[in-house]
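Subject: The structure you asked about

Hi there,

Here is the structure for you to open. Have a look around first, and then read on for what was found in it.

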Amino acid sequence: MLFFPYQKYPDNWLYQVVDSSNSPLQMESFSLLKLSPHTSYQGELKGEEAVFVLLQGKVKMEVEGKTLGEIAQRKSIFEDKASAFYLPPGVYYQIEAEEDSEFILVRAKAEKGGSPAFFPPEIVKVKTTGKGTFEREVHTIVGEDFPAEKLIVGETFNKPGLWSSYPPHRHEKNRPPEEYFLEEIYHYRVEPEKGFGIQVLYTEDKELEKAYLVENGDTFVIPRGYHPVVAAPGYRLYYFWSLAGEVRILNPYDDPHHSWTKNL
């Protein structure tokens, strides 16, 4: 499967959305975690590194019994920049919520990874990219400069009616220095919630050539292919993105048929 429609899930529950058992991805998995006030969730990472991105709420992360960083807070994805935690393989963690909170949890197979780290909103790297009808705001949370083993993580914000991941690009082949293979996961939120966007996925050989209507809470996996996305008029579109690869170099390869649009 490539497309995973949103399903409501209970509080105090880790909802496993995507892994290698139900998708073509081999390295990474995607989950949602919802906590009620004054509740906690704990676990141990075995053979995986992980990034927890706070969508909303107020939480504290403990690793091996010690507080990591500071209290993470976020009113909503459309009001505040992200707070996030990175954890390497082999650690025990516990998250304590002070109010209703929801996390994205993305994991990737890893042997070492970096050290546990807290990413406060002020270190999120914000960049406006594209122009005109494909201008968007990209927030890099865990970038190439952080010593994770496989993961690169961030968020993209589309204004109503505008495109992103445009010109269409891919990262499906290892052809250094032009292109490096990276699996990718998108998770969407929409404001207002009843809105939608369109996710396109296609390959040069046209083996893949589809468009998907994506709504609030949906998830999509991108094992290969060009993958532009557009927000419907009247609705802001957010998508979380995580990439995983043996080489953590993000150098998207633009579809040569459409790369000319960078010069508009």
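To start you off: is Asp145 buried or exposed? With a relative accessible area of 58%, Asp145 is exposed, because the cut-off for that word is over 50%. Before going further, please keep in mind that this is a predicted model.

**Salt bridges**

Asp145 is a good place to begin, since it has a charged partner. Its salt bridge is with Lys125, and the closest N and O atoms of the two are 2.7 Å apart. This pair ties together distant parts of the chain: Asp145 sits in the loop between β13 (136–142) and β14, while Lys125 belongs to strand β12 (residues 125–129), 20 residues away. Lys125 has a relative accessible area of 47%, so it counts as partly exposed.

Another pair to find is Arg236 with Glu191. Their salt bridge has its closest N and O atoms 3.1 Å apart. Here too, distant parts of the chain are linked, with Arg236 in strand β22 and Glu191 in strand β17 (residues 183–191), 45 residues apart. Arg236 is partly exposed at 32% relative accessibility, and Glu191 is partly exposed at 33%.

A third pair is made by Lys150 and Glu149, whose side chains meet in a salt bridge at 3.4 Å, N to O. Is Lys150 buried or exposed? Lys150 is buried, because its relative accessible area is 7% and buried means under 20%. Glu149, at 24%, is partly exposed.

Some charged residues form a group rather than a simple pair. Arg170, Arg175, Glu178, Glu179 and Glu204 are joined in a network of salt bridges. The count for the structure comes to 17 salt bridges.

**Two glycines**

Now try selecting Gly245 in your viewer. You will find Gly245 in the loop between β22 (236–244) and β23 (253–254). Its relative accessible area is 0%, so Gly245 is buried. Which residues does Gly245 touch, leaving aside its neighbours within four places in sequence? They are Met27, Glu149, Lys150, Phe181 and Leu182. Two of these names, Glu149 and Lys150, are the salt-bridge pair you met above. If you would like a distance to try for yourself, the C-alpha atoms of Gly245 and Leu45 are 19 Å apart, with their positions 200 residues apart along the chain.

Gly161 is the other glycine to look at. It lies in the loop between β14 (151–158) and β15. At 28% relative accessibility, Gly161 is partly exposed. Its C-alpha atom is 4.2 Å from that of Pro233, although the two residues are 72 apart along the chain. Beyond its neighbours within four places in sequence, Gly161 is in contact with Val230, Ala231, Ala232, Pro233 and Tyr235.

**A sheet of four strands**

Ala231 leads us to a sheet, as it is the bridge partner, in β21, of Gly197. Strand β18 (residues 196–202) and strand β21 (residues 229–231) run antiparallel and are joined by 3 bridges. Both belong to an open sheet of 4 strands in the order β15-β21-β18-β19, with antiparallel pairing. Which strands are at the edges? They are β15 (163–164) and β19 (209–215), each of which pairs on one side only.

**The pockets**

Finally, turn on the surface and look for the pockets. The largest pocket has a volume of about 700 Å³. It is lined by 26 residues, and the closest to its centre are Thr129, Arg136, Val138, Leu250 and Pro252. Two or more lining residues come from each of β12, β13, β14, β17 and β22. By type, the lining of this largest pocket has 11 nonpolar, 8 polar and 7 charged residues.

The second largest pocket holds about 440 Å³ of space. Among its 19 lining residues, Gln56, Glu102, Arg189, Glu193 and Asn216 are the closest to the centre. The elements giving two or more residues to this lining are β5 (48–63), β10 (101–109) and β17. Which of them gives the largest share? That is β17, with 3 residues. The lining of the second largest pocket divides into 6 nonpolar, 5 polar and 8 charged residues.

Enjoy exploring!

Best wishes

Note on methods: Residues are numbered from 1 along each chain as its sequence is written. This is a predicted model: local features need pLDDT of at least 70, side-chain atom pairs count only at pLDDT 80 or more; totals for chains, interfaces and linings use all residues. Side-chain values use heavy atoms; hydrogens and water are left out. Two strands pair if DSSP finds at least two bridges between them. Buried means under 20% relative accessible area, exposed over 50%, partly exposed in between (1.4 Å probe, protein chains only). Contact means heavy atoms within 4.5 Å. A salt bridge is a side-chain nitrogen of Lys or Arg within 4 Å of a carboxyl oxygen of Asp or Glu. On a 1 Å grid over the protein atoms alone, a cavity is a set of points where a 1.4 Å probe fits but cannot get out, and a pocket is an open set with protein on both sides within 12 Å along at least five of seven lines; lining residues have an atom within 4 Å of a point. Grid points are joined across faces, edges and corners, and a volume is the space filled by probe spheres set on the points. Ala, Val, Leu, Ile, Met, Phe, Trp, Tyr, Cys and Pro count as nonpolar, Asp, Glu, Lys and Arg as charged, and the others, Gly among them, as polar.
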